[in-house]
Amino acid sequence: MSGNPLPLVLTVLLASLTAACGDTAKLPIEDSYGRQPTLPPPNESLIPTVHIAPAKGWPEGARPTAAPGLAVNAFASGLDHPRWLHVLPNGDVLVAETNAPPKPEDNKGIRGWVMKKVMKRAGAGVPSANRISLLRDADGDGVAETRSVFLEGLNSPFGMALVGDTLYVANTDAVMRFPYREGDMRIDAKGEKVADLPGGPINHHWTKDLIASRDGSRLYATVGSNSNVAENGMENEVNRAAVLEIDPQTGATRLFASGLRNPNGLSWQPQSGALWVAVNERDEIGSDLVPDYMTSVKDGGFYGWPYSYYGQHVDERVQPQKPELVAKALVPDYALGAHTASLGLTFYQGDLLPERYRNGAFVGQHGSWNRKPRSGYKVIFVPFDMNGQPAGDAQDILTGFVNDDGDALGRPVGVAVDKPGALLVADDVGNTVWRVTPAR
């Protein structure tokens, strides 16, 4: 035999992993939703379940399927991996066209090589455009007829927050500020760094969301963990798996809440005034574990990662344990399904959609890779009661992102509500921002 056999070995290994190795869910996905999800014993295997939906994109004229009583159209298409949205007071929509930065120390070795190939097949392998584009629907027909590059030369941007005439942007490694003037189609001013965010050569979970307090005096930023369950060492998890509070005047940063493996969507609950966040939980202990979730975030609260999940369920893979921390671990408010990759979160306060959606939460579920059968790949809605608490089963809002062949036509990420009150959904595989309205 001539030549180097290693590429062939790696190819065979990749093929075996992507052929849905590992376990199959024993419970229906519905059991891992709600206030009291079912949490079976963990099922750790030598080879984790890998069951992705390969990224394909939408055929010409195709679109997701909206729930009864709702309709969906493309607000903007032909974008470059749109991930996150922010609606400005004048109705302009900002979209972060972005993807992961270089991470030379993440997923090293043969297993890491395989995982990188898997994520590439899932649509996560494209280079980052590193820009924010502005979409404008001046004639109000529900389609953005104007698109412009609003900010460019950024570093894997994600979250955005406008306070007065200052626009804050969360790059993967820092919060930046830019001067904003209503109606401008572009910002050319050089950004000013407000505060550093954990980045570095591992930067396993790179997305950093951002929201301002109601009075604008504080910013809150999400920072995901640098690993699945601290396998890269807790010394690499400083100020990670957390929500950070930042003083925009001084840049002073403090740990607001911790133990949140990969927090993303931040949103203020309208009735309670509490800050809520969507969180992606850990992988590789079975298709039925662990449910992703959304929860109110308490100042000083600890939510378990990496030592425990869903309160005080200890993860035996993590050694040494810290029982004193586990004893303090808070139980999340609402489970969003095992491995659904729930990223986007926004509470509805508009007037366009039916009254039943008011004050409830829309969630963008990017879709699983570590579960068989697949979960997520849709947008859901969770109703809330008058006390600002989840009150009912999750409802499908947009589906049809995976076709009958198992290919991902799209993958929903960020969600936002536009000025007229329609729901906007960023689709980073379909390269589209979808707009959901009442059916006519």
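The legends below describe close-up views of a predicted model.

**View A. The second largest pocket and its lining.**
The second largest pocket has a volume of about 870 Å³. Its lining is made up of 29 residues. Those nearest the pocket centre are His86, Val87, Ile211, Ser267 and Thr346. By class, 18 of the lining residues are nonpolar, nine are polar and two are charged.

**View B. Strands around the second largest pocket.**
Six strands are to be located here, each giving at least two residues to the lining of the second largest pocket: S4 (82-87), S8 (160-163), S12 (210-212), S16 (262-268), S22 (342-347) and S26 (412-417). Strand S22 also belongs to an open sheet of five strands, shown in view F.

**View C. The largest cavity.**
The search of the whole structure finds two cavities of 30 Å³ or more. The largest cavity has a volume of about 40 Å³. Its lining consists of Leu27, Pro28, Ile29, Asp31, Ser32, Thr38, Pro40, Asp288, Ala338 and Arg371. These residues divide into five nonpolar, two polar and three charged.

**View D. The second largest cavity.**
The second largest cavity holds about 40 Å³ of space. Asp23, Asn43, Ser45, Pro48, Thr49, Glu284, Ile285, Gly286 and Asn370 form its lining. By class, two of these residues are nonpolar, five are polar and two are charged.

**View E. Thr222 and its surroundings.**
Thr222 lies in strand S13, which spans residues 219-223. Thr222 has a relative accessible area of 0% and is therefore buried, the limit being under 20%. The Thr222 side chain makes polar contacts with two backbone atoms: the nitrogen of Asp209 at 2.8 Å and the oxygen of Pro263 at 3.4 Å. Residues up to four places away in sequence aside, Thr222 touches Thr207, Lys208, Asp209, Ala242, Val243, Pro263, Asn264, Leu266 and Val277. Asp209 and Pro263 thus appear in the list of residues that Thr222 touches, and each also offers a backbone atom to the Thr222 side chain, as nitrogen in Asp209 and as oxygen in Pro263.

**View F. An open sheet of five strands.**
The strand order in this sheet is S2-S25-S24-S23-S22, and the pairing is antiparallel. Strand S2 (65-66) and S22 are the edge strands, each pairing on one side only. Strands of a sheet pair through backbone hydrogen bonds, either parallel or antiparallel. S2 runs antiparallel to strand S25 (residues 395-399), and two bridges join them. Thr65 has Thr399 in S25 as its bridge partner.

**View G. Ile380 in strand S24.**
Ile380 is found in strand S24 (residues 378-382), which stands between S25 and S23 in the order of the sheet in view F. With a relative accessible area of 1%, Ile380 falls under the 20% limit and so is buried. Ile380 and Leu398 are 18 residues apart in sequence, yet their C-alpha atoms are 7.0 Å apart in space. Apart from neighbours within four places in sequence, Ile380 is in contact with Tyr33, Leu336, Ala361, Phe362, Val363, Gln365, Ala394, Gln395, Asp396 and Ile397. Among these contacts, Gln395, Asp396 and Ile397 fall within the range of strand S25 (residues 395-399).

Conventions: Residues numbered from 1 in each chain as written. Predicted model: local features only at pLDDT ≥ 70, side-chain atom pairs only at ≥ 80, totals over all residues. Heavy atoms only, no water. 1 Å grid on protein atoms, 1.4 Å probe; cavity = no way out; pocket = protein on both sides within 12 Å on 5 of 7 lines; lining within 4 Å. Points joined across faces, edges and corners; volume = space filled by probe spheres on them. Helix = DSSP H or I, 4+ residues; strand = E, 2+ residues; numbered from the N terminus. Nonpolar A, V, L, I, M, F, W, Y, C, P; charged D, E, K, R; others polar. Buried < 20%, exposed > 50% of the residue type's maximum accessible area, 1.4 Å probe, protein only. Polar contact = N/O pair within 3.5 Å; in protein donor to acceptor, adjacent residues only side chain to side chain. Contact = heavy atoms within 4.5 Å. Pairing = 2+ DSSP bridges.
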